[in-house]
Protein chains: 2
Amino acid sequence: MGRPTRKDLILEVAVRLFSERGFHGTTIREIAEAAGMLSGSLYAHIQTKEDLLYEVVMQAADRFLGAIEPLVVADLPAAEKLRQAMIAHVEVVAASRAHATVFMHEWKALTPERRAEVAARRKAYEQQLGQILTEGVRRGEFKPLDERMARLLILSAVNWLYEWYDPTGPLSPSDVAERYWRLVLEGLQPRT
Amino acid sequence: MGRPTRKDLILEVAVRLFSERGFHGTTIREIAEAAGMLSGSLYAHIQTKEDLLYEVVMQAADRFLGAIEPLVVADLPAAEKLRQAMIAHVEVVAASRAHATVFMHEWKALTPERRAEVAARRKAYEQQLGQILTEGVRRGEFKPLDERMARLLILSAVNWLYEWYDPTGPLSPSDVAERYWRLVLEGLQPRT
DNA sequence: TAGAGAAACAAGCGCCCGCTTGGTTATCGG
DNA sequence: CCGATAACCAAGCGGGCGCTTGTTTCTCTA
C-alpha cells in the first residue's frame, strides 16, 4: 500500500472513461490525455488496452467477492447474513461506482479466456448468495421458496444499483440496503 | 406491415450484432456482411451507423411502453395490474431479447438529443409503474411503503431479465413474471 | 554534482474505421 | 422486349485506431 504509482493513476482514469463511454468507445489517446501524457507514454506502464480492462474488471470482482465471502461462513441467522451482504454490496458500489459499471457492462469485451475467468467469479458470487438463501430456508427463517428466482431478484436489485445509486445523495449505502432487505423479506402486501 | 424490406433485414442484423458486441464494437462492414452485402451498399438504406442504433433503441422503447400503457388505465386491482404489467414486460424481453439488451446497454452511445429522447421514454415507463404502486397503497392493497425503492426493486428485476432469461428454457414469460410477482408481494419471510 | 533509472515526448507505422462515388446487374410492369 | 428503378459492387478517401521506436527530460541518490 505505498503511495499511488503511475499505473494506479492510469487505472483510475481508465475505469472512469470506460464507465462513461464503454471500452470500445474509449481510445488510448483519451486515456493518455486524461492521465496527462501522450498515448505512447502509456505503454511504459501497460501492455495492451485490453489489459487495462482486465485489471479494472478483476479489481471490481475482487471487491464484490471480498465483501460477501467473510459473511457466508459467519455464525449468524440467514436473514442477518443477507442484510449484511446487501449492505456490503451497496457499499462497494458506493465506493467504486465506475468499477461496478465497467464490471457489469464491459466484461464481454474481454478475450474468451479472461471472460471465462470473470464468469467464474460471477458464478462464485451468485453461489454465495444462493447459500445464504438455502440456509435460511433450511432453518425455517425463510418460507420454502423458488431459490433461483429469489436469488435472481436480489441479484437484479444489487446489480442494477450502478444505474441509479448516487452516493452523494440522501441515502447512505446501508439505508438503501436496509430498505431493499425489508422489501424482499416482507413484500408489498399488508399482513392480513 | 407487408413483407420485410431490406431495411428490416438490416435492422434485424444490426440489433443482433449490437447486442452481442455493443455499438462501438460493431463495424459497418460486419453488419453489411451479415446482411449479405458490401459496406457501401448499406448506405442505399441508411444514413449513418448511429441512425441504426437510434431506430433499434426506439423500437425497443415503443415495445416496452406499448406493453404497460394499456394496463395502467384499466379497471383492475393494483396487484393485478402489477402482475399483468410484469407478464407483459417479460413477454417483450422474450420476444425481443436483443432489442432489450441494446436498449439497456447502448442508448448512451446516442447523440445528446436522441439520448434525451430515450431518457424521456424511460422515465415515462417508470412513472407508469410508480402509478400502479401509488394506487395500490392508496387502495390499501399494498402496505404503506417506500414507493421509490419498491419501484426500483421491480424495475431492477425486469430490467435485468435480458441478462439471464432464455425464452427457449423451461420457464415461460408468465412463469417468470408470476414468480417475481409472488416474491415481491409476499416476501421471503414465512407468515408468523 | 555526476550519473542511473524512470518517465514522457516526437514521430509515425500499418490497419481499419465510417462513409462516398460512379458504374453495373437484377427484376418486373407495360 | 424495352426502360425504369431498386439493389448492389468496386474502389477508395480522409482520418483515427492501437501500438512501436528512438530520443530527451526529469528526479533522486551516492
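**Group meeting: two chains and two DNA strands**

Okay, let's start with DNA strand D: there are 14 residues around it, and the ones that come nearest are T27(A), G40(A), T48(A), K49(A) and G40(B). Keep in mind that this is a predicted model.

Which elements give two or more residues to that surface near DNA strand D? From chain A you get helix 2 (28–34) and helix 3, and from chain B you get helix 3. By residue class, the surface near strand D splits into five nonpolar, six polar and three charged.

Now over to DNA strand C. This one has 14 residues around it, with M37(A), G40(A), T27(B), G40(B) and T48(B) coming nearest. On the element side, helix 3 (39–42) of chain A gives two or more residues to the surface near strand C, and so do helix 2 (28–34) and helix 3 (39–42) of chain B. The class split for strand C reads five nonpolar, six polar and three charged. If you want one residue to click on, try G40: G40(A) and G40(B) are both on the nearest list for strand C, and both are on the list for strand D.

Last bit, the protein–protein side. How many residues of chain B are in contact with chain A? It's 28, and they meet 28 residues of chain A. On the chain B side, helix 8 (147–159) and helix 10 (173–186) each supply at least two residues. Helix 8 of chain B gives the most there, with seven residues. And the make-up of that side of chain B is 16 nonpolar, eight polar and four charged.

That's my bit, happy to scroll through the model with anyone.

Definitions and conventions: Residues numbered from 1 in each chain as written. Chains lettered and ligands numbered in written order. Predicted model: local features only at pLDDT ≥ 70, side-chain atom pairs only at ≥ 80, totals over all residues. Contact = placed C-beta atoms within 7 Å. Helix = DSSP H or I, 4+ residues; strand = E, 2+ residues; numbered from the N terminus. Nonpolar A, V, L, I, M, F, W, Y, C, P; charged D, E, K, R; others polar. Near = placed C-beta within 6 Å.
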